[in-house]
Amino acid sequence: MSYETIIYEVKENIAIIRFNRPKALNAINGTVVAEMKDALEKIAADKSIRALILTGEGDKAFVAGADIAIMKDFTPLQGKVFSEQGHELLFQLEALPIPVIACINGFALGGGLETAMACDFAYAADSAQFGQPEINLGIMPGFGGTQRLSRLIGKSMAKELCMTGVMISAREAKDMGIVNKVFPKEALWEETMKVAKLLASKGKVSLRAVKDTINRGYDQDLRTGCYMESDGFAMCMASEDAREGMGAFLEKRRPDFKGELT
Ligand code: CAA
C-alpha cells in the first residue's frame with residue numbers, strides 16, 4: 001500500500017511515521033486511519049524494528065484532531081463507526097510489541113492528543129499546545145480521550161480539559177503528566193531520536209514484557225498486576241537476552257541483545 005496522508009520510513013531499526021496533511025494541520029480522516037493501520041501491521045511484522053516515533057509533518061502541528069470537514073455531516077451511525085475505528089487503531093498502536101514515542105512538534109488536539117496518549121511516552125516542543133477542544137464543536141472526544149486522559153491525569157483534571165476545551169502549554173502538559181519531557185523546538189527531534197536509539201539497544205523481550213505488564217496491569221488491582229509481573233519476569237528468563245544481559249554484567253562487558261526468545 002502506498003501512502004498519501006502519512007510518511008513511513010525506517011532509519012537504523014527505528015520506524016518513523018509522520019502525519020502528512022500539513023495544510024489541514026495533520027487532521028485525521030478515514031484515509032489516515034487506514035494508512036496508519038497498514039503501517040502498524042508492517043511494523044509489527046518486521047522483527048528488525050526496535051522502536052517507533054510518531055510525529056507531524058510541517059512546523060505547526062502534531063495532529064490538530066479528527067477532520068472536522070468530514071465529521072460535519074456525519075449521521076450518528078457514521079459517528080459511531082468513525083469513533084470505533086479510532087479506538088481500534090489506537091489499541092493497535094498501544095499493542096505494538098516495541099516502544100512508541102510521540103514526538104509532539106506542535107498542536108496535539110482532540111484525536112491528536114488521544115493518539116499521543118496511546119503511545120508509551122511523549123516528548124514535546126516547548127511551543128506545542130494540547131487540548132480536547134471537541135466541546136467547542138458541540139461534540140465530545142471520540143478516540144478514547146475521556147478514558148485515557150482520566151486514567152492519565154485523574155477524573156477532575158480530565159473533566160476540566162474536556163468540558164472547558166481550553167488549550168494548555170507543553171509545560172502545563174508536563175506538569176500534569178501528559179508529556180514526559182519538553183525540549184526547545186529545534187532540539188526536539190534530536191532528543192527524541194537519542195532516546196529511540198537507547199531503547200533500540202535494549203533487549204526486545206524485556207522491553208515488550210515491561211510494556212505489556214504496565215499496560216495490562218494498569219487497570220487491575222495490585223495483586224493481579226503483580227501476578228502479571230511474575231509472568232513477564234518468567235518470560236524474560238526464557239530469553240537469550242536474559243542470559244546475555246546478566247552474563248555481560250558478570251563478565252564486565254556491554255551486552256549485545258538479539259531480542260529473540262530461545
Ligand atoms: N479538521 C479539519 N481541518 C482542520 C483541523 C481539523 N481538526 N484543524 C485545522 N484544520 C485546518 C483549518 O480548517 C485550516 O484550513 P484552511 O487553510 O483550508 O482554512 C488549516 O487547517 C489551518 O488551520 P487554521 O487556519 O485554523 O490555523 P490557526 O493557526 O489559526 O489555528 C488551531 C490552529 C487552533 C489548531 C485551529 O486550526 C483549530 O482550532 N483546529 C481545530 C482543533 C479541534 O477542534 N480539534 C478537535 C477535532 S474533533 C476530534 O478530534 C474528535 C475526536 O476525538 C476523534
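**Figure 1. The buried residues of helix H5 pack against helix H3 (76-94), H4, helix H6 (155-164) and helix H7 (170-176).** Welcome to a predicted model, where local features need pLDDT of at least 70, side-chain atom pairs count only at pLDDT 80 or more, and totals for chains, interfaces and linings use all residues. Residues are numbered from 1 along each chain as its sequence is written, and side-chain values use heavy atoms, leaving out hydrogens and water. Helix H5 covers residues 145-153, and its buried members are Gly 145, Arg 148, Leu 149, Ser 150 and Ile 153. Here, buried stands for under 20% relative accessible area, exposed for over 50%, and partly exposed for what lies in between (1.4 Å probe, protein chains only). An α-helix has 3.6 residues a turn, so residues three or four places apart point the same way. After H5 comes Gly 154, with a positive phi near 95°. Helices (H or I, at least four residues) and strands (E, at least two) are DSSP runs, numbered from the N terminus.

**Figure 2. Thr 115 in helix H4 (residues 111-117).** With a relative accessibility of 3%, Thr 115 counts as buried. Setting aside neighbours within four places in sequence, its contacts (heavy atoms within 4.5 Å) are Phe 19, Ile 28, Leu 54, Phe 62, Leu 90 and Leu 93.

**Figure 3. Val 63 and its surroundings in strand S4 (residues 61-63).** Val 63 is buried, because its relative accessibility is 0%. Beyond residues up to four places away in sequence, Val 63 touches Phe 19, Leu 25, Asn 26, Ile 28, Phe 107, Ala 108, Leu 109, Gly 111 and Gly 112. Should you want a ruler in this view, try Ala 170: this residue and Val 63 are 107 residues apart in sequence and 14 Å apart in space, C-alpha to C-alpha.

**Figure 4. The largest nonpolar core, with its 49 residues.** A nonpolar core is a set of buried Ala, Val, Leu, Ile, Met, Phe, Trp, Tyr and Cys residues joined through side-chain atoms within 4.5 Å. The members that touch the most other members are Leu 52, Leu 54, Ile 104, Phe 130 and Ile 178. Helix H1 (residues 30-45) gives the largest share of this core, six residues. For a closer look at Ile 104, leave out its neighbours within four places in sequence: Ile 104 is then in contact with Phe 62, Ala 116, Ala 122, Tyr 123, Ala 124, Ala 125, Ala 128, Phe 130, Val 179 and Leu 188. Another core, of 13 residues, lies apart from the largest one and includes Cys 103, Tyr 123, Ala 125 and Phe 183.

**Figure 5. Lys 211, a residue of helix H9 (residues 204-217).** This lysine counts as buried, with 9% relative accessibility. Not counting residues up to four places away in sequence, Lys 211 touches two acidic side chains' residues, Glu 94 and Asp 120, along with Leu 93, Leu 96, Ile 98 and Val 100.

**Figure 6. Helix H11 (residues 240-250) and its cover.** The buried residues of H11 are Asp 241, Ala 242, Glu 244, Gly 247 and Ala 248. Among the elements that cover these residues are H9 and helix H10 (222-237). H11 is followed by Lys 252, which has a positive phi, near 55°.

**Figure 7. Two loop residues with positive phi, Asn 13 and Leu 25.** Most residues other than glycine have a negative phi, and most peptide bonds are trans. Asn 13 has a phi near 65° and sits in the loop between strand S1 (6-11) and strand S2 (14-19). With a relative accessible area of 38%, Asn 13 is partly exposed. Leu 25 has a phi near 50°, and its place is in the loop between S2 and H1. Leu 25 counts as partly exposed too, at 24% relative accessibility.

**Figure 8. The whole protein, with eleven helices and ten strands.** To place the close-ups, step back: the C-alpha trace spans about 60 × 40 × 35 Å along its principal axes. The radius of gyration is 19 Å, which agrees with the value near 18 Å for a compact globule of 262 residues; the radius is taken over C-alpha atoms, and the globule rule is 2.2 Å times the number of residues to the power 0.38. Buried residues make up 45% of the 262 residues. Of the contacts between residues at least 6 apart in sequence, 69% join residues at least 24 apart.
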